[in-house]
Amino acid sequence: KGAHNKVLLTGDVDLGGVKNKWAYKNLYCEFDGNGHKIYNVVIERAANMHFFDELQADIHDVTFGSKDGTTYDGTSKIVSAFTGDETSWQYIGLFKNPGVSGVNIKNVVSYIPVTIPETAKGRYRVGGLICLGTSNGGQDRTTTIEGCKTYGKISMLHPATSAVNYASGMVGLMDCQYGRTNTLIIKDCENHADIEVTQPNVEAIGGVLAQRFANGAKDGKSRYLYMSITGCKNYGNIIHTNATSEMRCSIGGVVGNVLETSAKDASGNYYVKIENCENGKSGATSNTVTSNGKYYCLGGVAGWVNGIYMTGCKNYGTVSATDQVASTDQTNLVGGIVGNLSPTAATGPGNDPTTTWDKYDLTTILNSCKNFGNVSAVFNINGTGGNDGRPGAAVGGIAGSIRSIAEFKNNDNVGNVTGRNAYSGKYVFVGGIAGH
């Protein structure tokens with residue numbers, strides 16, 4: 001323990017497949033895996049469902065859940081055994097969160113599948129690598145995740161009715177304490193893990209990041225969250241299936257949901273940048289991003305985003321949605337790059353039908369993105385969407401819906417786009433570039 005101490009692996013570590021043989025710990029000093037493997041890791045607990053809890057120091061160059069470093073060992077797993085109340089927050093993944101000072105996580109690879117079974121309860125923040133991009137801490141910090149890869153399947157199967165769950169192949173949620181300024185950098189990372197979600201109340205699903213909370217103020221204190229996701233790729237399939245939830249699920253191959261109340265700081269720097277990220281792979285049988293649900297926003301790269309700078313992103317995967325039940329006055333949006341692209345949350349008219357979008361700050365940018373994958377949707381919506389300018393049903397080659405953004409240029413779609421509304425007499429917006 002201490003800033004000048006270091007764990008250096010000089011060989012591989014076999015935990016023998018014994019359940020909970022490793023007692024979770026905080027990491028207080030640098031962990032240098034030295035290219036070695038830690039395998040046959042079995043974690044199945046009702047709490048503390050991770051290998052390391054808080055990361056108070058850097059960790060790098062280590063592989064989990066593989067004996068040979070290239071394939072799954074067939075034994076390792078992280079499983080929730082929590083069966084208590086349905087409203088308690090649970091955190092499950094390889095690591096829980098960075099510590100107070102922020103850390104560097106580099107060249108960490110995990111093949112360990114993460115499962116919330118049908119028998120579990122609670123509401124979850126799930127990440128194949130890390131549950132929380134940042135957590136509540138006592139000081140400002142920067143956390144960098146670079147060159148990491150995740151392969152273990154993420155399964156969120158519990159039927160609990162409690163709202164607000166998040167699932168990601170890599171990072172579940174970015175958050176920070178009021179009164180702090182935190183930065184999350186995710187660079188050159190890859191998610192290969194499939195993500196399967198049947199839980200009825202999931203707010204966000206993403207291959208690399210599920211959810212980023214917006215900046216805001218509380219009790220006289222403000223929080224500021226800077227996030228940069230650059231050069232990241234998702235190769236895993238994402239399948240969302242639920243026909244009962246009234247909660248919109250934002251689903252993206254790379255990022256699920258980004259909410260922002262102020263796009264730029266006083267110096268003109270964007271709080272959120274997503275650059276040169278990709279979903280799927282060129283020249284190969286690619287992945288799928290699919291919703292078989294009731295209420296969703298779906299995109300090949302990102303689901304629901306507002307107040308961001310996004311450029312140079314590509315989608316090669318198939319993006320598809322099929323409504324399982326008829327619904328009224330909901331907004332289901334599907335796009336090859338993004339499902340919904342909006343201005344900042346604080347600058348929209350909300351539920352006031354007398355206002356118009358052109359009165360508000362134009363800050364969101366989406367440029368130089370390209371969609372190669374086929375995009376399709378079968379909606380079943382009786383209605384025209386909300387009164388804030390969103391359509392009821394829309395599908396587009398680049399974006400399902402675009403509202404009052406600053407720039408939208410040099411975006412190309414070469415994929416097929418199809419859409420229909422199965423509800424008799426109701427329409428759907430379909431566009432090669434934008435649905436609405």
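1. Starting from the outside: the accessible surface of the chain comes to about 15,600 Å², and carbon and sulfur atoms account for 45% of that. Bear in mind throughout that this is a predicted model. Of the 436 residues of the chain, 57% count as buried.

2. On secondary structure, you get zero helices and 49 strands. The contacts fit a chain that keeps meeting distant parts of itself: of those with a separation of 6 or more, 83% are between residues 24 or more positions apart.

3. Now the sheet to look for on your screen. It is an open one built from 10 strands, with parallel pairing, and the order runs β5-β8-β11-β15-β20-β26-β31-β36-β42-β48. The edges are β5 (42–45) and β48 (417–421); each has a single partner strand, so one side of each is left without a neighbour in the sheet. Going from one strand to the next, the twist averages 5°. As background, strands of a sheet pair through backbone hydrogen bonds, either parallel or antiparallel.

4. For a detail of that pairing, try β8 (residues 77–80) and β11 (residues 114–116). These two run parallel and are joined by two bridges. Val79 has Thr115 as its bridge partner in β11.

5. Which residues touch the most other members of the largest nonpolar core? Phe95 and Ile105 do, in a core of 89 residues. Strand β12 (residues 123–134) supplies the largest share of this core, four residues. Apart from it there is another core, made of nine residues, including Tyr91, Cys131, Tyr166 and Leu173. Nonpolar side chains do tend to be buried together in soluble globular proteins.

6. Ile105 deserves a click of its own. Leaving aside residues up to four places away in sequence, Ile105 touches Leu55, Ile59, Phe95, Leu129, Ile130, Thr144, Ile145, Glu146 and Cys148. So Phe95 turns up among the contacts of Ile105, and both residues head the contact count in the 89-residue core.

7. Cysteines next. The structure holds zero disulfides. For Cys189, the nearest cysteine sulfur is that of Cys148, 4.7 Å away, and a disulfide would need the sulfurs within 2.5 Å, so Cys189 is in none. Is Cys189 buried or exposed? Buried, because its relative accessibility is 0%. Cys232 is in no disulfide either; its nearest cysteine sulfur belongs to Cys189 and is 4.8 Å away. Cys232 also has a relative accessible area of 0%, so it counts as buried.

8. Thr71 is in the loop between β7 (59–64) and β8. With 40% relative accessibility, Thr71 is partly exposed. Its contacts, not counting residues up to four places away in sequence, are Gly65, Ser66 and Tyr111. Thr71 and Tyr151 are 80 residues apart in sequence, yet C-alpha to C-alpha they are 9.0 Å apart in space.

9. Finally, two backbone angles to check. Most residues other than glycine have a negative phi. Asn34, in strand β4 (residues 30–39), has a positive phi near 55°, and its relative accessible area of 42% makes it partly exposed. Asn48 is not a glycine but has a positive phi of about 55°. Asn48 sits in the loop between β5 and β6 (52–55) and, at 29% relative accessibility, counts as partly exposed.

Methods: Residues are numbered from 1 along each chain as its sequence is written. This is a predicted model: local features need pLDDT of at least 70, side-chain atom pairs count only at pLDDT 80 or more; totals for chains, interfaces and linings use all residues. Side-chain values use heavy atoms; hydrogens and water are left out. A nonpolar core is a set of buried Ala, Val, Leu, Ile, Met, Phe, Trp, Tyr and Cys residues joined through side-chain atoms within 4.5 Å. Buried means under 20% relative accessible area, exposed over 50%, partly exposed in between (1.4 Å probe, protein chains only). Contact means heavy atoms within 4.5 Å. Accessible areas come from the Shrake-Rupley method with a 1.4 Å probe; for residues, only the protein chains shown count as cover. Two strands pair if DSSP finds at least two bridges between them. Axes are lines fitted to C-alpha atoms, for helices over the stretch in contact, and angles run from 0 to 180 degrees between N-to-C directions.
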